[in-house]
Amino acid sequence: ITGFGLLAHLLRLARQGKITARIFADRLPAFDGALAELRDGVIPGAIERNREFLGDDLEVEPGVDESLLRLGCDSQTSGGLLIAVPPQRLARLLTELNDRAVPAFVVGDVVATSAGRVILTRSSAGAATSVSQADIRMENKSPLEPNHGPGCCADVFAAAGAKGTAAEAQKGFSAMMQAVQAAGALSDKTKELISFALVLQSRCTPCFEAHYEKARALGLTRAELDEAAWCAIAMGGAPVRMFYQECLRRAEDARCPE
């Protein structure tokens, strides 16, 4: 789902598949506060353009809240994947996604053949769906409750005898940091260059100061740091570059005061 929004992307799918798709507006997932903002008139301009694109191929049934229509036309890129599957494969799909801790939402169905149309309705209006209550409970299961397999984070939480004090947490964190940064399959210099790039990506000034000094103590050159920095800049863009240049200027001024 990108800048066309859910409904416009769905219409393009419907036109290609020669179908009429029905969306249950009250099942659309949204971040907390999003609907309230839409009701208050905080509406990106692209929402109106997406609504115009849908034109007469979108039918909005009575009783659908205007904010839900706006949500369906919202141009904010969600990164979500819109999937259509036969009803007999739905339960298996939900199970597979659930096992991988991927949240899934059943938001509609296909109701007819056509040149391509979308109907926006309310699931509480008595519309029959192919989704059982068991499926709905599964789709709404928290992504923090996956079926854990061997070697996943469940092993950490199952550790016996651990103490929950802040001091013990700090001690454990320090031990982890030392283990992660120690030389292993990667040399200490290679790990430091990786850490340096990650620090730049997070734009943490105290972390930069600490890792810059450690990098220089390990003998890493300015050219090596610059190459690591550009790896971070390639991922984070101009804000990372500006952060690096400013921190580097302060660090070098501190090392070589006038």
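Let me start with one pairing: Ala 21, in strand E1, has Val 110 in strand E3 as its bridge partner. Keep in mind that this is a predicted model.

Now the strands around that pair. E1 and E3, the latter covering residues 108–113, run antiparallel and are joined by five bridges. On E1 there is also a pairing with strand E4, residues 117–121; here five bridges join the two strands, and they run parallel. One residue to look up in that pairing is Phe 24, whose bridge partner in E4 is Thr 121.

How many of the six residues of strand E1 are buried? Six of the six, from 19 to 24, so the strand is largely enclosed by the rest of the structure. In a regular strand, side chains alternate between the two faces of the sheet. For E1, one side has Ile 19, Ala 21 and Ile 23, the other has Thr 20, Arg 22 and Phe 24, and both faces are covered. Buried here means under 20% relative accessible area.

Next, helix H3, residues 45–54. Its buried residues are Ala 46, Ile 47, Asn 50 and Leu 54. Looking down the axis of H3, these fall within an arc of 110°, so they line one face of the helix. Which residues are exposed on the other side of H3? Arg 49 and Glu 52.

What do the buried residues of H3 pack against? Three helices and a strand appear on the list: H1 (5–17), H2 (34–39) and H4 (66–73), along with strand E2 (58–60).

Last item: after H3 comes Gly 55, with a positive phi near 55°.

Key. Residues numbered from 1 in each chain as written. Predicted model: local features only at pLDDT ≥ 70, side-chain atom pairs only at ≥ 80, totals over all residues. Heavy atoms only, no water. Buried < 20%, exposed > 50% of the residue type's maximum accessible area, 1.4 Å probe, protein only. Helix = DSSP H or I, 4+ residues; strand = E, 2+ residues; numbered from the N terminus. Pairing = 2+ DSSP bridges. Arc of directions from axis to C-beta. Contact = heavy atoms within 4.5 Å.
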